[in-house]
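Student: I have a model open on my screen and would like to learn how to read it. Could you take me through some features, one at a time?

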Amino acid sequence: MAYKDLREYIAALEERGLLKRITAQVDPELEITEITDRISKREGAENVALLFENVKGSKMPVLMNAFGSYERMSLAFGVEKLDDIADELTEILKIPHISLQNKMNLMTLIPLARKAINFPKYVKNAPCQEVIETEHPSLDEIPILKCWPDDGGPFVTLPLVFTKNPATGKRNVGMYRLQKYDSRTTGMHWHIHKNGAENFRDMKARGGERIEAAVAIGTDPVVTYAATAPLPRDIDEMVFAGFLRHKSVEMVKCITVDLEVPATAEIILEGYVDTNEMRREGPFGDHTGYYSLADDYPVFHITAITHRKDPIYAATVVGKPPMEDCFLAKATERIFLPLLKQMLPEVIDVNMPLEGVFHDCIVVSIKKQFPMHARKVMHALWGMGQMMNVKMIIVVDAHVNVQDMKEVWWRVFNNIDAKYDLEIVQGPLDVLDHSSPMAKWGSKLGIDATKTWPEEGHAREWPDEIAMSEDIVKRVNERWKEFGLD
């Protein structure tokens, strides 16, 4: 199922009792954050999306916590569970080597792969341009949130930032927060390893004084997710969104810049980033649960604002987990697992715990096949794209359920020898990591919690795990109702 826009997704949330409308007046400075944070920390039916309809100083309603549960993430993608998306991708990746025996498999799978590719569709008229302001565009009309007391100012927290590489013309879409400086300028917080920052550097290296940018706010949920996905450099996020939603993303040409944006977005900010201008940005209460420090970042200058007639402002708040962004990260974990298995076939499953805020911890189960296999997997993961930032990798055997952290910690606490099973290396870290003595790099830890083999040089006789015999388990299962314990 593909939602045509954010409004259709909101209607689906409301129909299922997953959204609460707030009619009392709320303040975009701190108050919306406090309300949303309390709701996001709840479990079950009390954790809902929030639509604030009466926001102080603005006519726009504010949507919060739209992705803040596994149920809402699955609904956003139109699936029963997030693993369903991975299963579909797994089938597409099963294209076998070409041989006479595999001819029939190829005939079946290649059309499936082609069907999965839904290239963007370009339109001339778009809801996001029902209202066009080029003479006096002003961010003051938008209820941009100040989330935490020590934030450097209000921040746009759910923006899809569109740029093009000046050499190739290829589109990139990333999610980079925007601190509002005044009615027509914001910060552009793209980290050094992000593709948007690379486009910026390439433009500057070519002598360009500005790079055009456009920001979409309030897109359909899959398009929003696609901007957060850790895609390879040359994969178009809008093509990826078309695959996920089984339908092309409609795009429209901007008014003042040579970029295309999602046609059904609620709000579009058009403008440019000056390659020679930097300004202090931050602090910002970040997803680590700590404030990220103020630093100098490029400045986004707005040349036009377009929007729907009655726009909805979509935002999020990050902080101590669990929060909404954790579930966006969980979608990435499940969707990209088949691709990870393609590169590392020994991998069985992975879990990035919510408390690890994406880049601080990953647990991986493997089919161990040779001595030091866990070390091989650790270093392979540290060499893969954004996995380079992972601060702790825990490796367990294939039969361990990595989604059950109680079992994982039992394995770690009981299986490791600190002298031999800890791997400490140095390398890149996320720019938000405050614990390292150096910015952007430091020490990382690998924990080998697999069963130690004698060939690994430090194993005594390894005891058998306690487990009940299969016939007794079967007999008790068959008689369970007799015991009256349900």
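Student: Let me start with one residue: which residues does Asn 389 touch, not counting residues up to four places away in sequence?

Tutor: A word on the source first. This is a predicted model, in which local features need pLDDT of at least 70 and side-chain atom pairs count only at pLDDT 80 or more, while totals for chains, interfaces and linings use all residues. Residues are numbered from 1 along each chain as its sequence is written, and side-chain values use heavy atoms, with hydrogens and water left out. Now to contacts, which means heavy atoms within 4.5 Å. Asn 389 touches His 193, His 359, Pro 428, Leu 429 and Asp 430, with residues up to four places away in sequence not counted.

Student: Where is Asn 389 found, and is Asn 389 buried or exposed?

Tutor: Buried means under 20% relative accessible area, exposed over 50%, and partly exposed in between (1.4 Å probe, protein chains only). Asn 389 has a relative accessible area of 3%, so it is buried. Its place is the loop between α11 (373–382) and β21 (392–397). Those element names come from DSSP runs, numbered from the N terminus: helices are H or I runs of at least four residues, and strands are E runs of at least two.

Student: How do I read a helix that has a buried face?

Tutor: An α-helix has 3.6 residues a turn, so residues three or four places apart point the same way. Take helix α12 (residues 405–415), where Met 405, Glu 407, Val 408, Arg 411, Val 412 and Asn 415 are buried. They cover an arc of only 160° around the axis, so they sit on the same side of α12; the arc is that of the directions from the helix axis to the C-beta atoms. On the other side of α12, Lys 406, Phe 413 and Asn 414 are exposed.

Student: What covers the buried residues of α12?

Tutor: The cover includes β19 (347–351), β20 (362–366), β21, α13 (418–421) and β23 (441–448).

Student: Which residues of helix α2 are buried?

Tutor: In α2 (residues 31–40), the buried ones are Ile 32, Thr 33, Thr 36, Asp 37, Ile 39 and Ser 40. Seen down the axis of α2, they fall within an arc of 165°, so they line one face of the helix. Their cover includes β2 (49–52) and β3 (62–64).

Student: Thr 33 is on that list. What does Cys 147 contact, leaving aside its neighbours within four places in sequence?

Tutor: Cys 147 is in contact with Leu 30, Thr 33, Thr 157, Thr 316 and Val 317, those neighbours left aside. Cys 147 lies in the loop between β5 (131–133) and β6 (155–156), and at 2% relative accessibility it counts as buried.

Student: How should I think about nonpolar cores?

Tutor: In soluble globular proteins, nonpolar side chains tend to be buried together. A nonpolar core here is a set of buried Ala, Val, Leu, Ile, Met, Phe, Trp, Tyr and Cys residues joined through side-chain atoms within 4.5 Å. Of the 60 residues in the largest nonpolar core, Tyr 9, Phe 77, Phe 162, Tyr 225, Phe 240, Leu 244 and Ile 335 touch the most other members. A second, separate core of 39 residues includes Cys 147, Ala 197, Leu 269 and Ile 302.

Student: And empty space: how many cavities of 30 Å³ or more does the structure hold?

Tutor: Rolling a probe the size of a water molecule over the atoms shows where empty space is left. On a 1 Å grid over the protein atoms alone, a cavity is a set of points where a 1.4 Å probe fits but cannot get out, and a pocket is an open set with protein on both sides within 12 Å along at least five of seven lines; lining residues have an atom within 4 Å of a point. Grid points are joined across faces, edges and corners, and a volume is the space filled by probe spheres set on the points. The structure holds two cavities of 30 Å³ or more. Of the 15 residues that line the largest cavity, the closest to its centre are Leu 6, Leu 63, Phe 67, Leu 158 and Ala 314. The largest cavity holds about 70 Å³ of space.

Student: What is the volume of the second largest pocket?

Tutor: It is about 510 Å³. Of the 20 residues that line this pocket, the closest to its centre are Asn 414, Asn 415, Lys 451, Trp 462 and Pro 463. Helix α12 gives the most to the lining, with four residues.
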